[in-house]
Amino acid sequence: MTMKLVFMGTPDFAVPTLTEIVMRGHEVIACYTRAPKPAGRGQAERKSPVQSAAEEFGIPVFTPKNFRDPADVATFAALGADVAVVVAYGLLLPPAVLEAPEKGCLNLHGSLLPRWRGAAPIQRAIMAGDRQTAVSVMKMEEGLDTGPVSLLDIIPIGPDMTAGELHDQMMRTGADLMGRALSALDRDALEFTPQPEDGVTYAKKIEKSESRIDFSRPAADVHNHIRGLSPFPGAWFEIELGGKPVRVKALRSTLAQGSGTPGTLIEGLTIACGDGAVRLTQVQREGKGPMDADAFLRGAGDLTGKVVA
């Protein structure tokens with residue numbers, strides 16, 4: 001058996017789940033996504049990755065600005081979906097939308113709920129030094145990621161894993177997980193467990209002001225900060241090159257031996273922190289692409305003893 005469903009999502013993260021649903025034979029009667037936005041030098045409107053994928057599948061696409069207009073809510077309800085699948089959509093859904101599908105709305109969320117409810121669970125888990133996380137399927141309700149959970153897959157977080165790497169693993173794992181959840185729902189065999197009241201944390205949106213590296217912090221915190229913001233927006237510092245300050249993004253790092261005044265380059269791109277040191281293994285200068293530490297040093301010369309800020 002297959003179900004008639006609405007898919008709601010926007011970024012690359014959501015595309016594998018949409019593809020998995022289509023490949024399993026479910027009837028996707030509509031796709032909701034964020035409206036195209038001006039992008040690039042020409043400021044041409046760019047469709048979301050989900051819209052592009054939906055159009056390739058021949059799925060009708062809706063791009064409401066929000067669901068405050070009763071007409072948008074009525075249009076959604078009139079679709080008569082069995083279920084809605086929501087993956088990183090980016091809009092709040094009012095009760096009238098959540099209640100419209102017969103079997104409710106299922107959300108794919110990138111955390112081990114109730115830890116890291118909210119906008120940036122992947123980044124926050126790494127920045128906090130978590131050793132594991134999960135991708136979870138929950139039934140949506142009015143609260144922020146408060147709904148009961150049906151299925152989840154635990155994902156270990158390696159000591160040097162970046163947010164980009166975790167994102168890509170969750171993207172693949174989550175697509176299969178949602179596929180399994182829909183199969184169980186179609187058989188009326190999908191069970192839900194309320195989230196525990198203990199252990200709730202919130203993953204607030206990443207702000208630009210957070211991206212500058214503070215080397216006075218312990219090395220472990222600096223390392224987690226770097227990998228939690230890689231590749232976007234990228235944690236950064238400044239160093240003097242050719243007599244002027246140059247902004248450098250730190251994209252990959254590892255914990256290293258050494259100590260010194262925080263921010264001092266000990267050797268190569270090993271930088272002293274408040275406690276211990278980190279070694280940068282991949283960086284990006286302003287106006288250039290990512291490069292490994294050796295390539296950066298070939299262009300910068302001997303930096304030992306310099307202070308970064």
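# A guided tour of one chain

Visitor: Is Glu165 buried, partly exposed or exposed?
Guide: This is a predicted model, and the relative accessible area of Glu165 in it is 31%. Buried would need under 20%, and exposed would need over 50%. The value falls in between, so Glu165 is partly exposed.

Visitor: Which residue meets Glu165 in a salt bridge?
Guide: Glu165 sits in helix H6, residues 163-186. Its partner is in strand S13, residues 244-256, and the two are 87 residues apart. The N to O distance is 2.9 Å. The partner is Arg252.

Visitor: What is the relative accessible area of Arg252?
Guide: Arg252 counts as partly exposed. That label covers values between the 20% and 50% limits. For Arg252 the value is 31%.

Visitor: Which residues do salt bridges with shared partners join into one network?
Guide: Here the bridges are linked through partners they share. The members of this one network are Glu20, Arg24, Asp153, Asp176 and Arg180.

Visitor: How many salt bridges does a search of the whole structure find?
Guide: To count, a side-chain nitrogen of Lys or Arg must lie within 4 Å of a carboxyl oxygen of Asp or Glu. The pair of Arg252 and Glu165 meets this limit at 2.9 Å. The search of the whole structure gives 10.

Visitor: Which residue forms a salt bridge with Asp130?
Guide: Asp130 is in the loop between helix H5 (121-127) and strand S9 (132-139). Its partner is in the loop between strand S7 (105-109) and strand S8 (117-118), 15 residues apart from it. The closest N and O atoms are 2.8 Å apart. The partner is Arg115.

Visitor: Is Asp130 buried or exposed?
Guide: Its partner Arg115 is partly exposed, at 30% relative accessible area. Asp130 has a value of 12%. The limit for buried is under 20%, so Asp130 is buried.

Visitor: How many residues apart in sequence are the parts that Glu210 and Arg124 tie together?
Guide: These two side chains meet in a salt bridge, 2.8 Å from N to O. Glu210 lies in the loop between strand S11 (202-203) and helix H7 (219-228), while Arg124 lies in helix H5. Arg124 counts as buried, at 10% relative accessibility. The parts they tie together are apart in sequence by 86 residues.

Visitor: Which side chain of opposite charge is nearest to Arg117?
Guide: Arg117 is found in strand S8. It is buried yet has no salt bridge. The limit for a bridge is 4 Å, and the nearest opposite charge is 6.7 Å away, so the pair does not qualify. That side chain belongs to Asp145.

Visitor: How many of the residues of H7 are buried?
Guide: H7 is mostly covered. Its buried residues include Ala219, His223 and Ile226. The buried residues pack against H5, H6, strand S12 (235-241), S13 and strand S16 (277-285). Of the 10 residues of H7, the number buried is 8.

Visitor: What is the relative accessible area of Val222?
Guide: Val222 lies in helix H7. Leaving aside neighbours within four places in sequence, its contacts include Ile213, Phe215, Cys273 and Val278. Val222 is buried, at 1%.

Visitor: How many disulfides does the structure hold?
Guide: A disulfide needs two cysteine sulfur atoms within 2.5 Å. For Cys31, the nearest cysteine sulfur is that of Cys105, 14 Å away. Cys31 is buried, with a relative accessible area of 0%, and Cys273 counts as buried at 2%. The number of disulfides is 0.

Visitor: What share of the residues of the chain count as buried?
Guide: The chain has 309 residues. Its secondary structure comes to 8 helices and 17 strands. Its C-alpha atoms fill a box of roughly 65 × 50 × 35 Å along the principal axes. The buried share is 45%.

Visitor: How far apart do the centres of the positive and negative side chains lie?
Guide: The chain has 33 positive side chains and 37 negative ones. Each set has its own centre, and the distance between the two centres is 7 Å.

Definitions and conventions
Residues are numbered from 1 along each chain as its sequence is written. This is a predicted model: local features need pLDDT of at least 70, side-chain atom pairs count only at pLDDT 80 or more; totals for chains, interfaces and linings use all residues. Side-chain values use heavy atoms; hydrogens and water are left out. Helices (H or I, at least four residues) and strands (E, at least two) are DSSP runs, numbered from the N terminus. Buried means under 20% relative accessible area, exposed over 50%, partly exposed in between (1.4 Å probe, protein chains only). Lys and Arg count as positive and Asp and Glu as negative; His and the chain ends are not counted. The place of a charge is taken as NZ of Lys, CZ of Arg, CG of Asp or CD of Glu. Contact means heavy atoms within 4.5 Å.
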